[in-house]
Amino acid sequence: MSSHDPVPSESGGGAATVDMLAAALRRDAADLEVYAQVLTGALADALPPGAVTVERKRGMADRLAGREGKVARLEVALGEQRLVLDLSGSRPGGEVCKEVRGVVLSRRPVELDEWVRELAEAVAARATSDARARAALERLLLGG
């Protein structure tokens, strides 16, 4: 998709939109460090305050250089769904949780591809009722 392609008219939950969003979210997945930086930036800009929580790991070199450090854990809370991506190990570990009033009712470990798919569905569903999420969806799809 180029930056000149229009956003699908059914954005906000259609199957085609979810597929395109999942593809956009996977775009930089080959390099997990870059992927985490892009993903956290795009999601933090797009979703309401408090929806995205990022834990970083800072080494001595990061502290001396004034860098933020590497993303170790990313949590995205959308409605009753909490998506957790743990990047602290050698392989990313995803988890999809159902949470009601701060109580986690279920946890399901998932592979990165399924985690991205769940995230795409949650953001697309959120875009149907939230202008900010809709704008984020457009930015992610258009690569802007």
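**Sheet pairing and helix packing in the predicted model**

Strands S2 and S3 pair in the antiparallel sense, with 6 bridges between them. The description that follows refers to a predicted model. Within this pair, Arg 73 has Asp 86 of S3 as its bridge partner. The two strands form a hairpin with 2 residues between them, in which Gly 79 adopts a positive phi near 65°.

On the other side of the hairpin, strand S3, comprising residues 81-86, is joined by 6 bridges to strand S4, comprising residues 93-100, and the two run antiparallel. The bridge partner of Val 84 in S4 is Glu 95. The connection from S3 to S4 is again a hairpin, here passing through 6 residues. Strand S4 is in turn joined to S5 by 7 bridges, also in the antiparallel sense, and Cys 97 has Arg 107 of S5 as its bridge partner. The hairpin formed by S4 and S5 has 2 residues between the strands, and Arg 101 in the turn takes a positive phi of about 50°.

Taken as a whole, these pairings belong to an open sheet of 5 strands, ordered S1-S2-S3-S4-S5 and paired antiparallel. Its edges are formed by strand S1 (52-57) and strand S5 (103-110), each of which pairs on one side only. From one strand to the next, the twist averages 15°.

Two helices pack against this sheet. Helix H2 (residues 32-46) touches S1, strand S2 (70-78) and S3, and its direction makes about 35° with that of S2. Helix H4 (residues 112-127) lies across S2, S3, S4 and S5, and runs at about 145° to S3. Strands S2 and S3 are thus contacted by H2 and also lie under the span of H4.

The two helices also pack on each other, at an angle of about 15° and with their axes 14 Å apart. H2 and H4 are therefore roughly parallel to each other, and their crossing is left-handed. From H2, the residues Leu 32, Tyr 35, Leu 39 and Leu 43 meet Leu 112, Trp 115, Val 116, Leu 119 and Val 123 of H4. Classified by residue type, this contact between H2 and H4 comprises 9 nonpolar residues, with no polar and no charged ones.

Polar contacts between side chains are found within the sheet at Arg 82, a residue of strand S3. The side chain of Arg 82 makes a polar contact with the side chain of Glu 75 at 2.6 Å, and a polar contact with the side chain of Glu 99 at 2.9 Å. When neighbours within four places in sequence are left aside, the residues in contact with Arg 82 are Glu 75, Val 76, Ala 77, Glu 95, Val 96, Cys 97 and Glu 99. Among these contacts of Arg 82 are Glu 95 and Cys 97, of which Glu 95 is the bridge partner of Val 84 and Cys 97 is paired with Arg 107 in S5.

Key
Residues numbered from 1 in each chain as written. Predicted model: local features only at pLDDT ≥ 70, side-chain atom pairs only at ≥ 80, totals over all residues. Heavy atoms only, no water. Pairing = 2+ DSSP bridges. Helix = DSSP H or I, 4+ residues; strand = E, 2+ residues; numbered from the N terminus. Axes fitted to C-alpha atoms, helices over the stretch in contact; angles between N-to-C directions. Contact = heavy atoms within 4.5 Å. Parallel < 35°, antiparallel > 145°, perpendicular 65-115°, else oblique. Left-handed = near helix turned anticlockwise from the far one by under 90°. Nonpolar A, V, L, I, M, F, W, Y, C, P; charged D, E, K, R; others polar. Polar contact = N/O pair within 3.5 Å; in protein donor to acceptor, adjacent residues only side chain to side chain.
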